[in-house]
Amino acid sequence: MSYLSLNAEQFLCLISFLYVTLSQSSQNLSEEFADAARQLKKEAPRIQFGKIDVTHQHDLRKEFNIQAFPTVKFFVNGSREDPIDCKGVRKASTFVTWVKRRTGPSTVLINSTDQAEAIIKADDLAVIGFFRVIIWKAQKAARDVPEMPFGMTASEDICANYGVVTASGADVESFVSQTSVKIFDVPVENHILLFTPTNSETFSEIYENYQSAAAEFRGKILFVLVDTNEARNGRIFEYFRIRDIDVPAVRILNLTSEAKYKMPADEVTMENLKEFCQSYLNGKAKQHLSSEEIPQDWDKTPVKVLVGKNFNSIIFNKTMNVFVMFYAPWSHECRKLLLIWDELGEQYKSHKDVMIAKIDVTANDLLSVGLDRYPFFTLFPAGPQHQVRSCWGRLDYTKLENAAESGGENN
């Protein structure tokens, strides 16, 4: 297809804009794209797939603002206006799911515990929304995450089975997470979470204080109770980096900015809760940034080990160019590139003006660097200007070496 013709009466169309002559990723996507088209040909014939090599189609690239390759867009009812971007989808199965969720229900309405269990066990991660009344706007979250199964229920029996309290008018919500910490569409963007074991001797007193504070901030802050004895809540402990020795602990999360705040006081009293909440609403609470302790041997290996507590002091200096790998230990891609990173560290270990470093982003919060993917590489040049440059994508030793030599220009 070298031109784009759309017919409103015949189909919905998913178009892949490729740079075939130059891009290996475009060629890889073409195969998955074709596989998805074959899968949907009989099941949903109204949905058609197409691809365009825009190597020389400059007008199309300009019309649809194609700046990266491959780019996939969904055209509805033959209209060229405002096509929907299909971002991050690269596998045939996820293309199929993505299209189905755009043209039909994007979540499964769960009516039984067996149905809920089937969704939970179907994949490594699953998201289930528990509602007093079904909020259909919550389906929007599912549309853009085709890799994950989504379900929703308002059944009291199912909610009770997973420890979710849905009594009408409750000021404190109980939280339970089976496999994910994904939060659906909610009217209150400020959440406060109490982490405590519900079977402790002090729970009744703590919970009474928590309920009293919740009543005062109704509509401004959503109060959530997280039972630390519930194994299914493990992922939210990781997200907030709550340890056993920390409980009872209180945190505030802003859903828009994802900023976290820690209650300064240790005791969960009515007065401390009110002071913490009011301080947050007044914009006076200090954002909480988690950090590992600085290892004693952090600078003894070719690749230096950074943590939250020493990050800024190391990267922002006048004499050293610091090239940092931001990684997540659970990521297979990160683990592969860490081996290459070690090789790069060996090559530059004798350079007095170059430091190769790494930081575990799952254990250290950083304000100075915005991260939306892992692994992520950033060069912090020496000098007062700090013109930070980053690189990502398909990286190998040569590309990383070139980035270190050239000043970290985008690859």
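These legends accompany several close-up views of a predicted model.

**View A. Strand β9 sits between two partner strands.**
Welcome to the sheet around β9 (190-196). On one pairing, β9 and β11 run antiparallel and share six bridges. Within that pairing, leucine 193 has arginine 251 of β11 as its bridge partner. The pairing of β9 with β10 is parallel and also counts six bridges. Here isoleucine 192 is matched with phenylalanine 223 of β10.

**View B. The two faces of β9 are both buried.**
Stay with β9 a little longer and follow its side chains. Asn190, Ile192, Leu194 and Thr196 point one way, while His191, Leu193 and Phe195 point the other way. In a regular strand, side chains alternate between the two faces of the sheet. Every residue on this list is buried. Because seven of the seven residues of β9 are buried, the strand is largely enclosed by the rest of the structure.

**View C. The largest nonpolar core draws on strands and helices.**
This core holds 24 residues, and those touching the most other members are Ile192, Phe223, Val250 and Leu273. Two or more residues come from each of β9, α7 (203-216), β10 (222-227), β11 and α9 (270-281). Helix α7 gives the most, with six residues. As background, nonpolar side chains tend to be buried together in soluble globular proteins.

**View D. A cis peptide bond leads into proline 248.**
Look for the bond from valine 247 to proline 248, which is cis with omega near -5 degrees. Proline 248 lies in the loop that connects α8 (234-240) and β11 (249-254).

**View E. The second largest pocket has a mixed lining.**
The volume of this pocket is about 640 Å³. Among its 21 lining residues, Ala68, Phe69, Pro70, Thr71 and Arg90 are the closest to the centre. Two elements, α1 (24-43) and β3 (71-75), give two or more residues to the lining. The largest share belongs to α1, with four residues. By character, the lining divides into eight nonpolar, six polar and seven charged residues.

**View F. Helix α11 spans close to its expected length.**
Helix α11 covers residues 332-348, 17 residues in total. From its first C-alpha to its last it reaches 25 Å, close to the 24 Å expected at 1.5 Å a residue. Take a moment to find its buried residues: Cys334, Leu337, Leu338, Ile340, Trp341, Leu344, Gly345 and Tyr348.

**View G. Three parallel strands make an open sheet.**
The strand order in this sheet is β5-β7-β6, with parallel pairing. At the edges are β5 (108-109) and β6 (127-130), each of which pairs on one side only. Strand β7 (residues 150-153) and β6 are joined in parallel by four bridges. For a handy landmark, isoleucine 128 stands opposite glycine 151 in β7.

**View H. Lysine 262 is partly exposed.**
This last view takes in strand β12 (residues 260-262), where lysine 262 is found. The relative accessible area of lysine 262 is 40%, so it counts as partly exposed, a class that lies between under 20% for buried and over 50% for exposed. Phenylalanine 240 is 22 residues away from lysine 262 along the chain, and their C-alpha atoms are separated by 9.8 Å.

Methods: Residues are numbered from 1 along each chain as its sequence is written. This is a predicted model: local features need pLDDT of at least 70, side-chain atom pairs count only at pLDDT 80 or more; totals for chains, interfaces and linings use all residues. Side-chain values use heavy atoms; hydrogens and water are left out. A nonpolar core is a set of buried Ala, Val, Leu, Ile, Met, Phe, Trp, Tyr and Cys residues joined through side-chain atoms within 4.5 Å. Buried means under 20% relative accessible area, exposed over 50%, partly exposed in between (1.4 Å probe, protein chains only). On a 1 Å grid over the protein atoms alone, a cavity is a set of points where a 1.4 Å probe fits but cannot get out, and a pocket is an open set with protein on both sides within 12 Å along at least five of seven lines; lining residues have an atom within 4 Å of a point. Grid points are joined across faces, edges and corners, and a volume is the space filled by probe spheres set on the points. Ala, Val, Leu, Ile, Met, Phe, Trp, Tyr, Cys and Pro count as nonpolar, Asp, Glu, Lys and Arg as charged, and the others, Gly among them, as polar. The expected span of a helix is 1.5 Å times one less than its number of residues. Two strands pair if DSSP finds at least two bridges between them.
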